[in-house]
Amino acid sequence: MSETTASVSTAASASSRPVVIAESATARGRRARIALRGLQVLLALFYVIASALPKLIAHPTAAEGFAEMGWGNTGMYIIGALELAGGIALLIPVVQSVAAMALSGLMVGAFVVTLTYFNGENAATPLILIVPLALIAWARRGHNAELLRLVRLERRRA
């Protein structure tokens, strides 16, 4: 009987705790973690395949835009490399929050560029992408302390 009471009280206390997206053991938290991971994979695929790849292979549509801005191939390759690195980093647990923040900054720049060079055509796209990136950065913020610890540990070794 004491085992039954213990399990019931444990279940009652578990259901009254708030759900933490990044580490919750509840079914709701598990679904949230899976959804967040799916969102990260989807965004990583978008940044690597749909955004970085055309720039890195100098696809004519990407090259035209950068030529029109006067940034040329160098600017196109730099932005493509940043998007590729950010997309890959979204999948690496210790840097995923930082990657989401960095890609958000890149999207702010893309928004400004679309307003100034392209008269606002497709300006909503970078703003829309900032929303899930901000969610990822917030939900995975616990990894920032681990990253900071690793950086400090590495500095001590040097």
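Student: Before anything else, what does "buried" mean here?
Tutor: A residue counts as buried when its relative accessible area is under 20%. In this predicted model, 28% of the 158 residues of the protein meet that criterion.

Student: Which elements make up the fold, and in what order?
Tutor: The protein has 7 helices and 0 strands. Read from the N terminus, the order is α-α-α-α-α-α-α.

Student: What share of the contacts joins residues at least 24 apart in sequence?
Tutor: The share is 63%, counted among contacts between residues at least 6 apart in sequence.

Student: Where is the confidence lowest, and where is it highest?
Tutor: Helix α1, residues 2–16, is lowest with a mean pLDDT of 43, whereas α4 is highest at 97. Residues 1–15 have a pLDDT below 50, and this stretch makes 1 contact in the model beyond near neighbours in sequence. Where pLDDT is low, the predicted coordinates should not be read in detail.

Student: And what is the average for the protein?
Tutor: The mean pLDDT is 87, and 85% of the residues score at least 70.

Student: Turning to the interior, which residues touch the most other members of the largest nonpolar core?
Tutor: They are L43, Y47, L90, M107 and L133, in a core of 23 residues. Helices α2, α3, α4, α5 and α6 each contribute at least two residues to this core. In soluble globular proteins, nonpolar side chains tend to be buried together.

Student: Take L43. Is that residue buried or exposed?
Tutor: L43 has a relative accessible area of 6%, so L43 is buried. The residue belongs to helix α2.

Student: Which residues does L43 touch, leaving out those up to four places away in sequence?
Tutor: L43 is in contact with L90, L129, P132, L133 and I136.

Student: How far apart are L43 and I88 in space?
Tutor: Their C-alpha atoms are 9.8 Å apart, while 45 residues separate L43 and I88 in sequence.

Student: A different topic: how much space lies in the largest pocket?
Tutor: The largest pocket holds about 810 Å³. Helices that each give two or more residues to its lining are α2 (27–56), α3 (60–69), α4 (72–89), α5 (96–117) and α6 (124–139).

Student: Which lining residues lie nearest the centre of that pocket?
Tutor: Of the 26 residues that line the largest pocket, S51, K55, E83, A110 and T114 lie nearest its centre.

Student: How many of the lining residues are nonpolar, polar and charged?
Tutor: The lining of the largest pocket comprises 16 nonpolar, 7 polar and 3 charged residues.

Notes
Residues numbered from 1 in each chain as written. Predicted model: local features only at pLDDT ≥ 70, side-chain atom pairs only at ≥ 80, totals over all residues. Heavy atoms only, no water. 1 Å grid on protein atoms, 1.4 Å probe; cavity = no way out; pocket = protein on both sides within 12 Å on 5 of 7 lines; lining within 4 Å. Points joined across faces, edges and corners; volume = space filled by probe spheres on them. Helix = DSSP H or I, 4+ residues; strand = E, 2+ residues; numbered from the N terminus. Nonpolar A, V, L, I, M, F, W, Y, C, P; charged D, E, K, R; others polar. Core = buried A, V, L, I, M, F, W, Y, C linked by side-chain atoms within 4.5 Å. Buried < 20%, exposed > 50% of the residue type's maximum accessible area, 1.4 Å probe, protein only. Contact = heavy atoms within 4.5 Å. pLDDT = per-residue confidence, 0-100.
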